[in-house]
There are 2 protein chains.
Amino acid sequence: MTQKQRSVAIIEVAPRDGLQNEKVMVSTEDKISLVERSFTAGFRHVEAVSFANPKRVPQMADAEGVMAGLAPRYADRNLIGLALNARGAERAVAAKCSQINYVVVASETFANRNQNASVADLVNGTRDVAAIARAAGLPMSISLATSFGCPFDGEVSVERVMGIVEELLKSDPFDIGFADTIGCAVPPQVTEMLARARALSTSIKWRCHFHDTRNTGVANAIAAVEAGVDFLDASTGGVGGCPFAPAATGNVATEDLVYVFNRMGIETGLDIDTLLDTSRWLSGVLGKPLPSALGRAGVFPARAA
Amino acid sequence: MTQKQRSVAIIEVAPRDGLQNEKVMVSTEDKISLVERSFTAGFRHVEAVSFANPKRVPQMADAEGVMAGLAPRYADRNLIGLALNARGAERAVAAKCSQINYVVVASETFANRNQNASVADLVNGTRDVAAIARAAGLPMSISLATSFGCPFDGEVSVERVMGIVEELLKSDPFDIGFADTIGCAVPPQVTEMLARARALSTSIKWRCHFHDTRNTGVANAIAAVEAGVDFLDASTGGVGGCPFAPAATGNVATEDLVYVFNRMGIETGLDIDTLLDTSRWLSGVLGKPLPSALGRAGVFPARAA
């Protein structure tokens, strides 16, 4: 057994990365309830909203309304808002997010198709978002999409990713997260990525964001913890889907990670029964079964009746 | 990276453990075709049939017919037959199986409910099956069900499992397989189990059989390879289901393992495109989507069009 690290902080991303990819339009009230339930389960960090263009991402159009229902009541928790540009960052500040998460893409074709920008444009945009965050006294995190592979360009080398990370570090982010956007990563990639990243900086935090598209999400998350990752993104119920494969699962399910971590003695501070309650409730809100394995199978050992 | 072992032999169990748990009655012809397709994909070892009581397991009632269609043509491949007792072992010999797999259960309540026998009865039965196999010049493997946990008794200690293994070793089996019957295992259990097992014997082979019920199948399989396991059971398409949870996946999908192993540089000798073809074909035979992730998402990088 090589577990050096016995705890990891999970960031709940269902309210943003999860719901953003669902067809059902979830009410502002239910979005607020999802974040409240996440806090009840023990999360300190929730990616609550996205300040994307409402015309492009209508599911997130009520970001200000969601934050208005949360920010005044949860000053002690981290309410993260996603921003794709300076305009989004300004909205996040105005809406009283406590952290801004900016997105850079590691592969050129995905950057072009997904954000209509070059990788260089996105890297340059970091400075503007960082300035807005700094002026507001907020930490900025950066998610680096397609870090482990691109649906269009194929393999993305760790050298390429590290080259981008070196640029991003100049903006002094709170954390950088390696996102396996299409769920193609395998554990040795994760191990190498985090080792190389920590060789570049031990002062910032490192985060990973895994999708379970090819059934490697749990194995990758374990590898990340063993490599000393600071944060893991995960989504209650595994909500998120995958736009180009209807039946494929999206974000790795929070409860699936907490199950395996609990049984490995890795602390998350999260209550799995509350997570499973939330997962059932969210399944009702979305009107469909959710992909999490624990949601179907339940914990082991089974709870006494 | 801690991969000491760069190859593992996968045993295809879809024809037996997979189909046995499906509601659809698959024709003898299609069962034979599934085994043929598995050999085409590169498997050396296939668990082809079960010699259970046809009244209890009607899906396997045509075991002799399946073997009659295979044994004369595949003298160079390993056609494994499952036997629950001496009667089954005699049928396996008569049907020209090249290996007999006998099942022992590690937990008392599961043994009682599933096989109407005590653990001691099943351990004692090993000697009879071993004698039949030896007389026929066939290797005997043993699958030890509920090695990592029992749906009724809960936790099963590694000490208890090792105590049973010590008894089983007296029959000099070719291999012993630790089965995670209800898919509750986590990687450190696998690591410890195999380390303890190898301390008991380095002359026999060790095998693991994982179910993906709680999304830990791939992580457990990786842990097993890293711990030097000789064989892994897996099921094309992830067929097998789970009798007490309709939507839950059963055996870990062969193609999901081969995807992650390919990208980790762990040799299996299997062709993933053939596996995916077989998975699609089997989905048609069973008339439903199969749980494998690779079957939905496809390989990465995507094949050139």
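Trainee: In this predicted model, which residue meets the side chain of R303(B) in a salt bridge?

Mentor: The side chain of R303(B) pairs with an acidic partner at 3.1 Å, N to O. The two belong to distant parts of the chain, R303(B) lying in the segment after α12 (293-297) of chain B and its partner in helix α11 (residues 272-286) of chain B, 30 residues apart. That partner counts as partly exposed at 31% relative accessibility. The residue is D273(B).

Trainee: Which residues are joined into one network by salt bridges that share partners?

Mentor: By the salt-bridge rule, the count over all chains comes to 32. Where such bridges share partners, they form one network in chain A. Its members are R16(A), D17(A) and E47(A).

Trainee: Is S50(A) buried or exposed, and with which residues is S50(A) in contact, leaving aside its neighbours within four places in sequence?

Mentor: S50(A) is found in strand β2 of chain A. Its relative accessibility is 1%, and buried means under 20%, so S50(A) counts as buried. Leaving aside neighbours within four places in sequence, the contacts of S50(A) are R16(A), Q20(A), M60(A), A63(A) and L82(A).

Trainee: What span does helix α2 of chain A reach from its first C-alpha to its last, and which residue follows the helix?

Mentor: Helix α2 covers residues 28-41 of chain A, which is 14 residues. At 1.5 Å a residue the expected reach is 20 Å, and the helix comes close to this value with 20 Å. The residue that follows α2(A) has a positive phi, near 120°; that residue is G42(A).

Trainee: Which residues of α2(A) are buried, and what covers them?

Mentor: The buried residues of α2(A) are K31(A), I32(A), S33(A), L34(A), V35(A), S38(A), F39(A) and A41(A). Their cover includes the strands β1 (9-12), β2 (45-50) and β3 (78-83) of chain A. It also includes the helices α1 (14-20), α3 (63-70) and α11 (272-286) of chain A.

Trainee: How many residues apart in sequence are the parts that R73(A) and E36(A) tie together?

Mentor: The side chains of R73(A) and E36(A) meet in a salt bridge of 2.5 Å, N to O. R73(A) lies in the loop between α3 and β3 of chain A, whereas E36(A) lies in helix α2, so the pair ties together parts that are distant by 37 residues in sequence. R73(A) is partly exposed at 46% relative accessibility, and E36(A) is partly exposed at 24%. The separation is 37 residues.

Trainee: Why are the buried residues of α7(A) on the same side of the helix?

Mentor: Helix α7 (residues 158-169) of chain A has 12 residues and reaches 16 Å, close to the 16 Å expected. Its buried residues are V158(A), V161(A), M162(A), I164(A), V165(A), L168(A) and L169(A). An α-helix has 3.6 residues a turn, so residues three or four places apart point the same way. The buried residues lie on the same side of α7(A) because the arc they cover around the axis is only 160°.

Trainee: Which residue of helix α8 forms a salt bridge with E159(A) of helix α7?

Mentor: The closest approach in this pair is 3.4 Å, N to O. E159(A) is partly exposed at 48% relative accessibility, and its partner is partly exposed at 30%. The partner in helix α8 of chain A is R196(A).

Trainee: What relation do chains A and B have, and which C-alpha of chain A is nearest the axis?

Mentor: A turn of 180° with a shift of 0.0 Å along the axis lays chain A on chain B with an RMSD of 0.0 Å. That is the relation of a two-fold axis. The C-alpha of chain A nearest the axis lies 2.2 Å from it and belongs to A219(A).

Trainee: What area is buried between chain A and chain B?

Mentor: In the interface, 39 residues of chain A are in contact with 39 residues of chain B. Of the interface residues of chain A, 100% are also interface residues in chain B, so the copies meet through the same surface. Carbon and sulfur atoms give 66% of the buried area, which is about 3,100 Å².

Trainee: Which residue of chain A forms a salt bridge with R263(B)?

Mentor: The count between chain A and chain B is 2 salt bridges. In the one formed by R263(B), the closest N and O atoms are 2.9 Å apart, and the partner is E155(A).

How values were computed:
Residues numbered from 1 in each chain as written. Chains lettered and ligands numbered in written order. Predicted model: local features only at pLDDT ≥ 70, side-chain atom pairs only at ≥ 80, totals over all residues. Heavy atoms only, no water. Helix = DSSP H or I, 4+ residues; strand = E, 2+ residues; numbered from the N terminus. Expected span 1.5 Å × (residues − 1). Buried < 20%, exposed > 50% of the residue type's maximum accessible area, 1.4 Å probe, protein only. Arc of directions from axis to C-beta. Least-squares fit on C-alpha atoms with pLDDT ≥ 70 in both. Contact = heavy atoms within 4.5 Å. Buried area = accessible area lost by both parts, 1.4 Å probe. Salt bridge = Lys/Arg side-chain N within 4 Å of Asp/Glu carboxyl O.
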